[in-house]
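This report describes the surroundings of the ligands and the internal cavities of the structure shown below. Ligands and cavities are treated under separate headings.

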Amino acid sequence: MERRSFLKMSAAVTAAATITGCNKSASEANVVPPPITPTDEVINWSACLVNCGSNCPIKVFSKDGVITRIETDHETTDEYGVNQQVRACARGRSLRQRTYATDRLRSPMKRVGKRGEAKFIPITWEQAYSEIGSKLQSIKENYGPESILMHYGSGAFYGFASNNATWDRLLNLNGGFLKYHWDYSLAGAYPAAIASYGDQYDCMFGTSLREIANSDLFIGFGFNPNEIRMSGSGEGYDFIKQLKNNKKNIKVWMIDPRYTDSMRGNEDEWLAIRPGTDAALIEAIIYQMINSGWVDQNAKAFLDKYAVGYDKASLVNTKASVALNSDSFIASHAQYIDPEQNYHDYIMGQGAFELAGAKTPKWAAGVCGIPPYKIEQLATAIMAAEAPYISAGIGISRHANGDQSTRAVYTLCIMTGKIGRAGVNSGAMPSNYGFRVATMPTGTNPVDVTIPVFTWSDAVVRGKEFTGTTDGVRFTASYSQERVDNNPATLSTNIKAIINSAGNALVNQHSDSNGTAQILQNESNCELIIVNDCWMTPSAKFADYLLPSTTWLESVDYADDSYASGEAAFATFMSSSLTPLGESQSMYDICSGIAKAMGCGAEFTEGLTGLQWCEKLYKETKSMNPDVDMPDTYEEAQKIGVIRKPYITASVIAFESYIQDPVANPRPTISGKFEIYSLSIARKAATWTLPDGDVLTPLPQYVVTWEGYQDQEAIDAGYPLQLCGHHTKGRTHSSYHNVAWLREAVEDAVWMNPNDASTRGLSDGDIVHVYNERGTIELPVKVTPRVIPGVCSLGQGAWYKPDPSGKVGPSGHVVDIGGCINTLTKYHPSPDSKGNPQHTNRVQVVKA
Ligand SMILES: Nc1nc2c(c(=O)[nH]1)N[C@H]1C(S)=C(S)[C@@H](COP(=O)(O)OP(=O)(O)OC[C@H]3O[C@@H](n4cnc5c(=O)[nH]c(N)nc54)[C@H](O)[C@@H]3O)O[C@H]1N2
Ligand SMILES: Nc1nc2c(c(=O)[nH]1)N[C@H]1C(S)=C(S)[C@@H](COP(=O)(O)OP(=O)(O)OC[C@H]3O[C@@H](n4cnc5c(=O)[nH]c(N)nc54)[C@H](O)[C@@H]3O)O[C@H]1N2
Ligand code: SF4
Ligand SMILES: [Mo]
């Protein structure tokens, strides 16, 4: 980077700090200290703890408490699958700049302006502890513990002391709190997994990536490990290595609206698909499989033995057997089974589906945008493959009909009749190997109800109306997984307090940033918002109390290898020689302080400091990992830094035990089998009340949704382009947005096909307004054939920033000059999971 543009950028960042209400003047604000000649440095191990699934180790060099440089793991000789390095990506390597970003929070602060205005005054920690303590107590007294939400926040995956579990522990000592179920990542994939396979985690524990070596066909639906798993031990590395290991002349088909870095020449075919239409493509593939007679000859026996719903006979039999089940809840599902609604007839346009017509490649091409001959070729490849490895990324589930798209992929895998063999996947994300660590005990939460994670902003407004059958509320204690979703009882209260720690999903990562900001601005809705973060994020601006955390590199803690570090397993025992900036504190110390003010300090700490907890939990961690060579004390482990587990030698093959013995190992679905026709969704379709336009179908059907490809109303309203998000290399969500180097390395621009650009008179780099009825964002356009015509793609996570000058855009809203995609996304929970449909949007794009 040129020095001149760097100076320009750091000046811009400094200026921004004064507007955001940071409690440091611009001149005092910390810019990255000048490089120091590397002498007398001390080395500590830390880790990058964002939610990208890897927690890469970070080697921190410092002098006199200040970072001098950052390196990562190059401690081994780096042999893949033996002792490979867990190398951090560019984000982790930029941690010096992030730690010293100008918008670091340095002291506890209290709001003085209107909520969201970001006017704060510094207060002492003692004042923060006592005011927060008494407010949490009085809100609990007035509205009950169900009114206090511990919000989603995935920005600090510490093993222990600064984990959000410390907040859970504090809130449990205060009588409990409202929790959520699902998460923003897999909200559509979990219910799809429950429907097809029985367990919500069946979407995450597919066949190991190493089995790609034994496969002859790879198909990825929105599968992009090289951008979302960028660590040196991540799935991106495994994917490429296993393709290289393959001896079966594997063919790689990638299905994505965007040409991703996971392709980059690894693919044999890129099928550019319209967002939200995978189910239509899959239906046409299955049409080819049935119509050619292939299913009858090759898969029918498998389907009869292992699955429910392919044909009428299968549903007739299931109806009879389920009705006889001794468990009355399971037996009750028989009444909802309609054998006429079987998959064969649906695909072939026969029987009850005669009017709808057959799901031919020609039909599907009109929906998904992939030409019929390509669909036929893909179907032929699947039929010919001995061991198809099919995987759905979870982006396809973050759509209005995301549950259905994901279930369609699982159904395609079932229809091949090959699940359970070496090299074959179930459509799920690959299983990972991991290093287990002991975590902070949170105590017991007496509140036995949870809400779907995405519905929190609506629960602020009308939680009291929330029930199981309208809003997906679960009454957890008395119901098992399949029973929690049919309870008509309501929540006892709206949400009155929110603790937002290590998260930016108050306004930035949640849908409809403008609408959500309005909900939060009304102080009679939610009476208390506590934000615990390290930087002045868009969500932090909505705090009543703003509590500065120490950053990862300033923390003593430990980190496991998160959830997607591929075939390697490791843990990092973190130490620090840095002087934490300002008065920032660890989450453990913050929560201890509040607990003390509430009168439960001793119960909270059990007499231990944060470091003593680490020592205690280290001993537990060591005993949980007898196969790992770990030193006796936490202190010794901190000196070593990264501790690796011996490599895994066996692969996971999805549903191997079920296929080997379906009687001894039934699936936890209602029928005990794979369900093409979901019995639980049939029940929900009959008993749930859905908003207008939402549909739930027992079969994994392509449905026309709001703001999807076929939403004519939205097109007529002036929004001809689909806008789909993606997770960008430049950030992990909104994390690292405030690193200028990364902003330059991965430009935030909306991707547009040259066809769409030329009809709008747009050239690469033009500044555009992207808008719909919910807002306008301003940013450059990137004109590229790497995105399908009719579709724009935008990296999610840029920081929401309504123009301070009040400039209004074509939508009639103040323009978001930060370019946050959630200014355009809709709050409309998906029908089954009530999950976040943030990749489904329609927009217009004009020159700004
Ligand atoms: N660099 C980076 N890595 C990350 C993250 C990050 O923010 N940045 N976030 C992490 C987290 S928490 C998560 S949950 C994961 C998310 O990982 P994913 O959910 O897999 O990521 P996305 O980018 O949303 O989607 C993956 C791909 O699906 C494509 N896609 C979108 N809609 C459709 C569709 O309807 N059909 C098809 N076939 N493809 C579609 C997108 O173009 C994209 O290329 O990534 C993790 N890793
Ligand atoms: N439009 C759209 N929206 C999306 C998605 C999408 O695909 N499209 N993806 C969704 C997904 S999959 C997810 S997982 C969510 C993620 O949403 P979030 O969980 O909100 O993730 P981040 O934006 O990374 O926010 C993490 C926050 O933690 C803070 N933090 C970092 N370190 C520390 C620490 O040590 N202590 C404390 N207290 N705070 C710290 C960071 O500064 C940052 O503000 O976003 C969702 N939103
Ligand atoms: S963002 Fe992910 S891949 Fe990159 S350094 Fe951090 S943990 Fe590793
Ligand atoms: Mo996520």
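## The largest cavity

Helix α16 (residues 402-416) supplies the largest share of the lining of the largest cavity, namely three residues. The model is a predicted one, and the search of the whole structure finds five cavities of 30 Å³ or more. The volume of the largest is about 150 Å³. Its lining comprises 18 residues, of which Ala400, Asn401, Val695, Val703 and Pro831 are the closest to the centre.

By class, eight lining residues of the largest cavity are nonpolar, six are polar and four are charged. At least three of the lining residues come from domain 3 (193-432 + 656-687), and at least three from domain 4 (712-847).

## Ligand 1

Ligand 1 has 34 residues around it, and those that come nearest are Asp278, Gly395, Arg398, His733 and His839. Two of these nearest residues also appear among the polar contacts: an oxygen atom of the ligand is 2.7 Å from a polar backbone atom of Gly395, and an oxygen atom of the ligand lies 2.7 Å from a polar side-chain atom of His839. The protein buries 99% of the 910 Å² that ligand 1 exposes when taken alone. Two elements, α7 (225-228) and β22 (721-726), give two or more residues to the shell.

A nitrogen atom of ligand 1 is also 2.7 Å from a polar backbone atom of Ile228. The shell contains ten nonpolar, 15 polar and nine charged residues.

## Ligand 2

Around ligand 2 there are 37 residues, the closest being Ser154, Asn504, Asp533, Ser734 and Ser735. In its shell, eleven residues are nonpolar, 23 are polar and three are charged.

The polar contacts of ligand 2 involve both backbone and side-chain atoms of the protein. A nitrogen atom of the ligand is 2.8 Å from a polar backbone atom of Gln509. On the side-chain part, an N or O atom of His727 is 2.8 Å from an oxygen atom of the ligand, and a polar side-chain atom of Ser735 lies 2.6 Å from a ligand oxygen atom. Taken alone, ligand 2 exposes 920 Å², of which the protein buries 99%.

## Ligand 3

The shell around ligand 3 includes the cysteines Cys48, Cys52, Cys56 and Cys89. The other residues around this ligand are Val50, Asn55, Ala88, Arg91, Gly92, Met230, Ser231 and Thr732. By class, the shell has seven nonpolar residues, four polar residues and one charged residue.

Conventions. Residues numbered from 1 in each chain as written. Chains lettered and ligands numbered in written order. Predicted model: local features only at pLDDT ≥ 70, side-chain atom pairs only at ≥ 80, totals over all residues. Heavy atoms only, no water. Near = heavy atom within 4 Å. Polar contact = N/O pair within 3.5 Å; in protein donor to acceptor, adjacent residues only side chain to side chain. Areas by Shrake-Rupley, 256 points an atom, 1.4 Å probe, with all protein chains shown as cover. Helix = DSSP H or I, 4+ residues; strand = E, 2+ residues; numbered from the N terminus. Nonpolar A, V, L, I, M, F, W, Y, C, P; charged D, E, K, R; others polar. 1 Å grid on protein atoms, 1.4 Å probe; cavity = no way out; pocket = protein on both sides within 12 Å on 5 of 7 lines; lining within 4 Å. Points joined across faces, edges and corners; volume = space filled by probe spheres on them. Domains from an automatic or database assignment.
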